[in-house]
Amino acid sequence: MSDTRSYTKTRTLVECALLIAMAAILEMVSKLIGLELPFGGTITLASMLPIVMISYRHGLKWGFLSGFAYSLIQMLLGVKVVSAMFLPGDDQMIFWQAICVCILDYVLAYTVLGIGGIFRNKLKPTAAILCGILLALLLRYLIHIVSGAIFYGAWAEWFFTQDGFYSIGAKILEKFSGTGLAVIYSIFYNGLYMIPEIIITSIVGVIISRFPEITGEKKVH
């Protein structure tokens with residue numbers, strides 16, 4: 001019995017490692033083909049889906065652990081951005097602010113993807129995966145909004161005066177200022193990559209939900 005449990009745990013660990021690696025590869029490929037925004041954030045080829053599927057196949061515990069591991073990989077992939085917050089230069093932050101950004105935009109934002117399997121056995125597979133994707137990625141979006149509003153809100157006025165945003169930006173600047181403007185800016189900017197990310201991941205998630213071999217559901221004969 002102990003050998004069986006050990007084998008099952010090892011098999012799950014290997015599968016989680018492979019899916020985390022797949023998520024990282026999808027992220028890197030997305031950046032290589034030019035889906036990265038100039039001020040941070042990437043529209044990826046459903047790179048969050050493997051983490052959601054870990055949670056769906058193996059439960060929330062494995063999902064959150066995998067999400068946390070992936071957050072560390074994300075910091076390594078974004079080492080230039082992360083290091084710029086700590087090193088002298090235009091992007092340098094106060095130390096505690098840089099730590100908070102790392103916690104919010106990396107650790108929490110990616111660990112929360114582990115909630116994606118919460119609807120398994122509560123809904124039909126397609127609905128469970130889709131709802132899990134929506135919940136997980138919306139929570140990630142919310143975390144980025146909070147972080148952006150607090151730590152990058154000072155860029156709001158400049159952002160809305162740039163080419164491509166001026167027409168809508170002028171209307172926003174007329175109606176909002178201070179904290180309200182910072183929140184609108186964060187919703188707007190993070191939405192530029194998170195909304196496409198949610199749509200892409202949802203579509204791919206619905207497609208793979210049709211395959212029991214991927215979802216781990218038992219076939220009905």
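Exposed, in these legends, means over 50% relative accessible area, and buried means under 20%, with partly exposed in between. Everything shown comes from a predicted model.

**View 1. Asn121, out in the open with a positive phi.** With 73% relative accessibility against a cut-off of 50%, Asn121 counts as exposed. Its phi is positive, about 70°, even though Asn121 is not a glycine. To find the spot, go to the loop between helix H5 (95-111) and H6.

**View 2. The whole chain, for orientation.** Before zooming in further, here's the overall layout. The protein chain has ten helices and zero strands, so to speak a straight run of α-α-α-α-α-α-α-α-α-α when read along the sequence. Its C-alpha trace spans about 65 × 35 × 30 Å along the principal axes. Of the 221 residues, 40% count as buried. Take the contacts in the chain with a separation of 6 or more: 72% of them are between residues 24 or more positions apart.

**View 3. Helix H2 against helix H6.** Here we look at H2 (residues 49-58) and H6 (residues 125-151), whose axes come within 10 Å and cross at roughly 125°. That angle makes H2 oblique to H6. The crossing of H2 past H6 is right-handed. On the H2 side, the contact is made by Leu49, Val52, Met53 and Tyr56. H6 answers with Pro125, Ala128, Ile129, Ile133, Ala136 and Leu137. Sort the residues of this contact by type and you get ten nonpolar, no polar and no charged.

**View 4. H2 and what surrounds it.** How many of the ten residues of H2 are buried? Eight are, so H2 is largely enclosed by the rest of the structure. The buried ones are Leu49, Pro50, Ile51, Val52, Met53, Ile54, Ser55 and Tyr56. Among them, Leu49, Val52, Met53 and Tyr56 also turn up in the contact with H6. Just after H2 comes Gly59, which has a positive phi near 105°.

**View 5. The loop leading into H2.** This view takes in the loop between helix H1 (2-32) and H2, where Ala46 sits. Ala46 has a positive phi of about 60° and, like Asn121 in the opening view, is not a glycine. Is Ala46 buried or exposed? At 5% relative accessibility, Ala46 counts as buried, whereas Asn121 at 73% counts as exposed. Leu35 lies in the loop between H1 and H2 too, and is partly exposed with a relative accessible area of 28%. From Leu35 to Leu45 it's ten residues in sequence and 9.1 Å in space, C-alpha to C-alpha. Setting aside its neighbours within four places in sequence, Leu35 is in contact with Ser30, Gly41, Thr42, Ile43 and Leu45.

**View 6. Phe86 and Phe95, an edge-to-face pair.** The count of aromatic pairs in this model comes to twelve. One of them is Phe86 with Phe95: the ring centres are 5.8 Å apart, the planes are at 65°, and the pair is edge-to-face. What about accessibility? Phe86 is partly exposed, with a relative accessible area of 28%. Phe95, at 57% relative accessibility, counts as exposed.

**View 7. Phe160 and Tyr185, a pair across the chain.** Another edge-to-face pair is formed by Phe160 and Tyr185, with ring centres 6.4 Å apart and planes at 85°. This pair links distant parts of the chain, its two residues being 25 residues apart. Phe160 belongs to the loop between helix H7 (156-159) and helix H8 (166-175), while Tyr185 is in helix H9 (residues 178-208). Phe160 is buried, with a relative accessible area of 0%. Tyr185 counts as buried as well, at 9% relative accessibility.

**View 8. The ring cluster around that pair.** Pull back a little from Phe160 and Tyr185 and which rings join them in a cluster? Ring pairs link the two with Phe159, Phe188, Tyr189 and Tyr193. Of the rings in this cluster, Phe160 was placed in the loop between H7 and H8, and Tyr185 in H9.

Key: Residues numbered from 1 in each chain as written. Predicted model: local features only at pLDDT ≥ 70, side-chain atom pairs only at ≥ 80, totals over all residues. Heavy atoms only, no water. Axes fitted to C-alpha atoms, helices over the stretch in contact; angles between N-to-C directions. Helix = DSSP H or I, 4+ residues; strand = E, 2+ residues; numbered from the N terminus. Parallel < 35°, antiparallel > 145°, perpendicular 65-115°, else oblique. Left-handed = near helix turned anticlockwise from the far one by under 90°. Contact = heavy atoms within 4.5 Å. Nonpolar A, V, L, I, M, F, W, Y, C, P; charged D, E, K, R; others polar. Buried < 20%, exposed > 50% of the residue type's maximum accessible area, 1.4 Å probe, protein only. Phe/Tyr/Trp six-rings, centres within 6.5 Å; stacked < 30°, edge-to-face > 60°.
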